Each structure stands twice: as structure tokens, then as C-alpha cells.
Amino acid sequence: MSAKDIFKTMATALAVAFVVYSCKGSLSEAEKLDLIKTPIQVVEDMFFVQTENGILKTRVEAPRLEVYEQDSLSFDLFPQGVHFFGYAEDGSVETTIVSGKARHDKRIGGKDKELWSVFDHVVIRNVLKQETMETDTLYWDQEAKEIWTNCYVRMSSPSGHMQGYGMRSDEMARNAILLKPFDNEFIIDNDSTN
């Protein structure tokens, strides 16, 4: 082995030792990270469009998206709120859902199962029917194509107001049913007693 080869080998060993030593401090900092609380990806000003056979179905907008991946869980957080827009067959906006925060679970307990949870002053509006619902928490199962809550709900439409606990509907809020209504007010359009 020549002196040049010995020098190269020593230089390489010294460089490796330097990298290992200099990274040692960083590794202890990395070991302090709680991966459950640390997103693997952050997206600012997120905009997402879903189509089916070339027809616009859903649009989602959010100021911030945080992606979390763990062994048995996979979810997205929207800590600054989210806006959903559901489209009718003719391309017009039929339903909007706005909330202060949201979570999209993609894997629950190791199983691939999607569920949206939106919370913090949730407003659901069916634009075509001019109906609005307000609640604190709403769940959306895209596979079952339904939305529901067990929380207090206030519903408003041109024909009156309803309130109660619990609501179920299709995902476009076309046929919302209040499960435990109380103290409701309606406007009577046609009175057959006159």
C-alpha cells in the first residue's frame, strides 16, 4: 500500500468519524421528537378537487393541512378550519360545510377506513334548498355517503326553524332528519282551516 493510499484511507476514516461525531448531537435532538405529535408533511393554502367521470364532485380548501402517519393510524388535521363544497350534477354548488377545525382519518385501528370529523362551529348549508344547519361536531362517512352528529343542532329554512339533538342526512344534506327535536317554529304557507 502506498503512502498516497494510506493517506486516502486515513482521510476517509477521519471524515466518517467527524460526520458520526457531529451528527451525534443532532440524533439526541431527533430522539426527543414525539412522532405522534409531529406531522410528516405540512401544506399551506391547500386546495383539493375530486371528480368522478370528469364531473366535479367535491372541492376542499383549507389554510393549513398537517399529515400524520403512525403504525395503526393515518390522519390529516386541519387546525385552522376547512371549507367543503359539494356539487350537483349540473355543476352548481349544492352543499357547503364550513368548520373551525377538522380531522380526516384514513386508517383507524390498522384498517383502511375513511372518516371526516369537523368541529368548532360547523355550518352546513344546502344552497339549492336554502337550508342551514349549525352544530359543534359533524361526521362524514364518504363510503356510506352520509353525515351525522349526536350534538345540538339548529336548522333553518324558508319554512321555519328546528332545533334538537342528533341529526342524520345524506352527504349533500338533502334530507336531514333531526333525531330529538324540541321547541320548534314553523311558518305555515297554506292553512286549510281558513
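User: Which strands each supply at least two residues of the lining of the largest pocket?

Analyst: This is a predicted model, so keep that in mind as we go. Four strands each give at least two residues to the lining of the largest pocket. They are E1 (41-52), E2 (55-69), E4 (82-87) and E5 (93-99).

User: What is the volume of the largest pocket, and which residues are closest to its centre?

Analyst: The volume of the largest pocket comes out at about 440 Å³. There are 21 residues in its lining. The ones closest to the centre are Lys57, Thr58, Lys145, Glu171 and Met172.

User: How many residues of that lining are charged?

Analyst: Let's split the lining of the largest pocket by residue type. Seven residues are nonpolar and six are polar. The charged ones number eight.

User: Where is Lys145 found, and is Lys145 buried, partly exposed or exposed?

Analyst: Lys145 sits in the loop between strand E8 (131-141) and strand E9 (146-157). Its backbone has a positive phi of about 60°, although Lys145 is not a glycine. Buried means under 20% relative accessible area and exposed means over 50%. Lys145 has 48%, so it counts as partly exposed.

User: What is the phi of Asp120, and which strand holds Asp120?

Analyst: Most residues other than glycine have a negative phi. Asp120 isn't a glycine, yet its phi is positive, at about 75°. Asp120 is partly exposed, with 38% relative accessibility. The strand that holds Asp120 is E7.

User: Why is E5 described as largely enclosed by the rest of the structure?

Analyst: Look at how its residues score for burial, where the cut-off is under 20% relative accessible area. E5 has seven residues, and the strand is largely enclosed because the number of them that are buried is five.

User: How many bridges join E4 and E5, and which residue in the turn of their hairpin has a positive phi?

Analyst: E4 and E5 pair in the antiparallel sense over six bridges. One of the bridge partners is Ser99 in E5, which is matched with Val82. The two strands form a hairpin with five residues between them. In that turn, the residue with a positive phi, of about 95°, is Gly91.

User: How much space lies in the second largest pocket, and which residues lie nearest its centre?

Analyst: The second largest pocket holds about 230 Å³ of space. Its lining has 13 residues, divided into seven nonpolar, four polar and two charged. E1, E2, E3 (74-78) and E7 (111-126) each supply at least two of them. Nearest the centre lie Phe48, Val60, Asp76, His104 and Trp116.

Methods
Residues numbered from 1 in each chain as written. Predicted model: local features only at pLDDT ≥ 70, side-chain atom pairs only at ≥ 80, totals over all residues. Heavy atoms only, no water. 1 Å grid on protein atoms, 1.4 Å probe; cavity = no way out; pocket = protein on both sides within 12 Å on 5 of 7 lines; lining within 4 Å. Points joined across faces, edges and corners; volume = space filled by probe spheres on them. Nonpolar A, V, L, I, M, F, W, Y, C, P; charged D, E, K, R; others polar. Buried < 20%, exposed > 50% of the residue type's maximum accessible area, 1.4 Å probe, protein only. Pairing = 2+ DSSP bridges.
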